[in-house]
Amino acid sequence: MSAEANLRPDNGEVTLTRGEVTGQSLARGAVGTALLHVERARTGSGRWETAQAHIRRVVAGPVDAAEHAGLYYGAPAVAFLLHTVSDRHPRHYTASRTLDEHVLRLTRQRLAGVATRIDRGGSATFGEYDLFYGLTGIGALLLRHHPDSDELAGILRYAVTLAIRPCPEDDELPGWWVAHDPDEILPTPGGHANFGMAHGAAGLLSFLALATLNGTVVDDQHEAIAALTAWFDRWRQDGPDGPWWPQWITRGELRAGRPAHPHPGRPSWCYGTVGIARAQQLAALATDDPRRRQTAEDTLAAGLADTHLDRITEPGLCHGIAGIYQTTYRASRDALGPALAHRLPALAGRLARHAPSPDEVPEDDDAATGLLTGRTGTGLALETARHSTPPHTGWDTCLLIA
């Protein structure tokens, strides 16, 4: 059954089962698994019959096209997958284009909601703007497949607003300030400003930089990039093992002008120095700033020291060695010198050692098999390491590193 036949609008009358929700998840479910098999088929490591079987599993169930859908769930996630195979079968092409229309519609709805929120004077939320479920993630999809659309231009104008205008709630707070906690077990009373790729300033910076490199620019976009790089300059901490940034800051830390924690977190893609350095490298490329470019590459290289990598105990993309490898691989292709490329073999070795064998992970364990923290993401990074070529599917555009 085709995806367009199963679209579920946000009509308040449809309830999806847990399996149906997981089935259309890029983060934890069948979309990510299918993406891995498509990448393997394209590299010659797998069979197209296997990839097609996994795609059929994704589109057999209902596809959520409601306003809460984002790059990692629902219609945008399924569209992201189908675009990787739309050149191989007319039905996939038709389905991807149908889903795109729903993605454009929900983008317009999202942007209207943002305008209302700003008018009312409230702060943003992760779900409004972040990579996983917010407008930045949808923008990454549109940048690849609808770069000239009014909807992408609207998302870019929104990202520019977050970058250069203060939070409507309090003009001492940045525009991407959120009133909620970064995690339910990590309270930040009064809210926080997030630095990471997944939910914070690095993701906004990468998105704006990638759009600029693509030639997709709206008013004040360069000013927004400058504001975000200035933010990272302000909060850069220089330690004995290299520069680092806090994962987030609270109101108290913002007033004090320094983070409460004296040491960096893990050098991960999602929150750590590795992801932030790649965002700054992309910004430097977008603004033709060779000094910032070199500094970003030096910072990333310093973050790959064994003293940092020895703290990584998991294989996945979000917090683990797979995300570090894939980010470094992409950064090495844009680097001025060979230092990052020289680190790739050692990173690939760590990745191979951390990767679980298939029989170690139960098929019904969503977290263990998922894209972000499970073996799907690890497998995709391993494909890059084995073939030393950019992903044939462009799957890592969902990380805002390419």
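How many helices and strands does the chain have? It has 18 helices and 6 strands, and the legends below walk through several parts of this predicted model.

**Figure 1. The whole chain, seen as a globule of 402 residues.**
Let us start with the overall form. The radius of gyration is 20 Å, which agrees with the value near 21 Å that a compact globule with 402 residues would have. Taken along the principal axes, the C-alpha atoms fill a box of roughly 55 × 50 × 40 Å. Of the 402 residues, 57% count as buried. Among contacts between residues at least 6 apart in sequence, 68% join residues at least 24 apart. The accessible surface comes to about 16300 Å², and carbon and sulfur atoms account for 49% of that area. For those who think in electrostatics, the chain carries 37 positive and 47 negative charges, and the mean positions of these two sets are 4 Å apart.

**Figure 2. The annotated binding site, with Cys270, Cys318 and His319.**
An unreviewed UniProt entry gives these three residues the annotation "binding site". They are spread over 50 residues of sequence, yet they cluster in space, with a largest C-alpha distance of 6.4 Å. The next two views take Cys270 and His319 in turn.

**Figure 3. Cys270 and its surroundings in a loop.**
Look for Cys270 in the loop that runs between helix 11 (251-256) and helix 12 (273-287). Is this residue buried or exposed? Cys270 is buried, because its relative accessible area is 3%, under the 20% cut-off. Leaving aside neighbours within four places in sequence, Cys270 is in contact with Gly196, Met197 and Ala198, and also with Cys318 and His319. Those last two residues share the "binding site" annotation with Cys270 in the UniProt record.

**Figure 4. His319, at the loop between helix 14 and helix 15.**
Helix 14 covers residues 306-309 and helix 15 covers 321-334, with His319 in the loop between them. His319 has 23% relative accessibility and therefore counts as partly exposed. Which residues does His319 touch, not counting those up to four places away in sequence? They are Arg266, Ser268, Cys270, Ile312, Glu314 and Thr373.

**Figure 5. Helix 7, a helix largely enclosed by the rest of the structure.**
Helix 7 spans residues 135-145, and 9 of its 11 residues are buried, which is why it is described as largely enclosed. The buried residues are Leu135, Thr136, Gly137, Ile138, Gly139, Ala140, Leu141, Leu142 and Leu143. Which helices do they pack against? The partners are helix 4 (75-83), helix 5, helix 6, helix 8 (150-164) and helix 9 (201-213).

**Figure 6. Ser123 and Pro168, two loop residues that come together in space.**
Ser123 sits in the loop between helix 5 (90-120) and helix 6 (126-129), while Pro168 is found in the loop between helix 8 and strand 3 (193-194). They are 45 residues apart in sequence, and their C-alpha atoms are 6.4 Å apart. With 13% relative accessibility, Ser123 counts as buried, whereas Pro168, at 37%, counts as partly exposed. Beyond its neighbours within four places in sequence, Ser123 is in contact with Arg117, Cys167, Glu169, Trp177, Val178 and Ala179. Pro168, not counting residues up to four places away, touches Arg117, Ile118, Gly121 and Gly122.

**Figure 7. Asp220 and Ser388, non-glycine residues with positive phi.**
If you like checking backbone torsions, try these two. Asp220 has a phi of about 70° although it is not a glycine. Its place is in the loop between helix 9 and helix 10 (221-235), and at 43% relative accessibility Asp220 counts as partly exposed. For Ser388, phi is near 55°. Ser388 belongs to the segment after helix 18 (375-387) and is exposed, with a relative accessible area of 51%.

**Figure 8. Asp238 in strand 4, shown with Glu383.**
Strand 4 covers residues 237-239 and contains Asp238. A relative accessible area of 61% makes Asp238 exposed. How far apart are the C-alpha atoms of Asp238 and Glu383? They are separated by 35 Å, and the two residues are 145 residues apart along the chain.

Definitions and conventions
Residues are numbered from 1 along each chain as its sequence is written. This is a predicted model: local features need pLDDT of at least 70, side-chain atom pairs count only at pLDDT 80 or more; totals for chains, interfaces and linings use all residues. Side-chain values use heavy atoms; hydrogens and water are left out. UniProt positions are given in the numbering used here, feature names are shortened, and annotations may be inferred rather than shown by experiment. Helices (H or I, at least four residues) and strands (E, at least two) are DSSP runs, numbered from the N terminus. Buried means under 20% relative accessible area, exposed over 50%, partly exposed in between (1.4 Å probe, protein chains only). Contact means heavy atoms within 4.5 Å. The radius of gyration is taken over C-alpha atoms; the globule rule is 2.2 Å times the number of residues to the power 0.38. Accessible areas come from the Shrake-Rupley method with a 1.4 Å probe; for residues, only the protein chains shown count as cover. Lys and Arg count as positive and Asp and Glu as negative; His and the chain ends are not counted. The place of a charge is taken as NZ of Lys, CZ of Arg, CG of Asp or CD of Glu.
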